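Colleague: Before I use this model, I would like to hear how each label attached to it was reached, with the value set beside the cut-off.

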Amino acid sequence: MKIGVCSLFRNGSKTIDYFRSALNHQFGDDLAFTFSFLEGDSTDGTWPKLQTWAAEDQRVRLQKHDMGAVPDYDERVRC
């Protein structure tokens with residue numbers, strides 16, 4: 001089975017390990033997925049952490065698209 005997974009992380013280095021674990025737990029090794037990541041102005045090491053994941057897992061493909069900072073991001077996106 002092949003599935004495309006798209007996700008946006010902004011300063012998400014603390015959540016990447018959980019996200020990775022959840023994907024692997026849900027789908028195991030039977031899943032062939034492409035992981036697309038949009039990066040803009042993270043300042044917490046998000047991109048290097050995703051690069052490490054991609055180096056360790058051949059199913060992961062990263063794409064980096066530099067975007068300008070979203071001035072009111074925190075007001076727009078609330079968890």
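Colleague: Why is Gly-4 called exposed rather than buried?

Modeller: In this predicted model, the relative accessibility of Gly-4 is 62%, and because exposed means over 50%, Gly-4 counts as exposed. Gly-4 lies in strand 1, and its C-alpha atom is separated by 5.0 Å from that of Thr-34, a residue 30 places away along the chain.

Colleague: What makes Leu-8 partly exposed?

Modeller: Leu-8, which is also found in strand 1, residues 2-8, has a relative accessible area of 47%. Buried would require under 20% and exposed over 50%, so Leu-8 is placed in between, as partly exposed. In space, Leu-8 is 5.7 Å from Phe-37, C-alpha to C-alpha, although the two are 29 residues apart in sequence.

Colleague: And how do you class Phe-27, with its relative accessible area of 31%?

Modeller: The same two limits, under 20% for buried and over 50% for exposed, leave Phe-27 partly exposed. Phe-27 has its place in helix 1, and its C-alpha atom is separated by 10.0 Å from that of Ile-3, 24 residues away along the chain.

Colleague: How many aromatic pairs does the model contain?

Modeller: The count comes to one aromatic pair. The pair is formed by Phe-19 and Trp-53, which link distant parts of the chain, since Phe-19 is in helix 1 (residues 13-27) and Trp-53 is in helix 2 (residues 46-56), 34 residues apart.

Colleague: Why is the pair of Phe-19 and Trp-53 described as edge-to-face?

Modeller: A pair of aromatic rings is described by the distance of the centres and the angle of the planes. Here the centres are 6.3 Å apart, and the rule asks for centres within 6.5 Å, so Phe-19 and Trp-53 qualify as a pair. The angle between the planes is 75°, and because planes over 60 degrees apart count as edge-to-face, that is the label the pair receives.

Colleague: Are the two partners, Phe-19 and Trp-53, buried or exposed?

Modeller: Trp-53 has a relative accessibility of 1% and counts as buried, the limit being under 20%. Phe-19, at 22%, is partly exposed, because that value does not fall under the 20% limit.

Colleague: How do you know that Ser-13 makes a polar contact with Asp-44?

Modeller: The contact runs from side chain to side chain at 3.0 Å, and a polar contact requires a pair of N or O atoms within 3.5 Å, so the distance satisfies the limit. Ser-13 is in helix 1 and, with a relative accessible area of 11%, is buried. Leaving aside neighbours within four places in sequence, Ser-13 is in contact with Asp-44, Gly-45, Thr-46 and Lys-49.

Colleague: What makes Asp-57 buried?

Modeller: The relative accessible area of Asp-57 is 9%, and because buried means under 20%, the label applies to Asp-57. Asp-57 lies in the loop between helix 2 and helix 3 and touches Asn-24 and Phe-33, not counting residues up to four places away in sequence. With that exclusion, Phe-33 in turn touches Ile-3, Val-5, Leu-23, Trp-53, Asp-57, Arg-59 and Val-60.

Colleague: Which residues make up the largest nonpolar core, and what entitles them to that name?

Modeller: The largest nonpolar core has 11 residues: Val-5, Phe-9, Ile-16, Leu-23, Phe-33, Phe-35, Phe-37, Trp-47, Leu-50, Trp-53 and Val-60. The name requires buried residues of listed types that are joined through side-chain atoms within 4.5 Å; Trp-53, at 1% relative accessibility, shows the burial part of that test. Helix 1, strand 2 (32-38) and helix 2 are the elements that give two or more residues to this core. As background, nonpolar side chains tend to be buried together in soluble globular proteins.

Colleague: Where in the chain is confidence lowest, and where is it highest?

Modeller: Confidence is lowest in helix 3 (residues 73-76), with a mean of 66, and highest in helix 2, at 89. The chain averages a pLDDT of 77, and 72% of the residues score at least 70.

Colleague: What is the order of the elements along the chain?

Modeller: The chain has three helices and two strands, which run β-α-β-α-α from the N terminus on. Of its 79 residues, 28% count as buried.

Note on methods:
Residues numbered from 1 in each chain as written. Predicted model: local features only at pLDDT ≥ 70, side-chain atom pairs only at ≥ 80, totals over all residues. Heavy atoms only, no water. Helix = DSSP H or I, 4+ residues; strand = E, 2+ residues; numbered from the N terminus. Buried < 20%, exposed > 50% of the residue type's maximum accessible area, 1.4 Å probe, protein only. Phe/Tyr/Trp six-rings, centres within 6.5 Å; stacked < 30°, edge-to-face > 60°. Polar contact = N/O pair within 3.5 Å; in protein donor to acceptor, adjacent residues only side chain to side chain. Contact = heavy atoms within 4.5 Å. pLDDT = per-residue confidence, 0-100.
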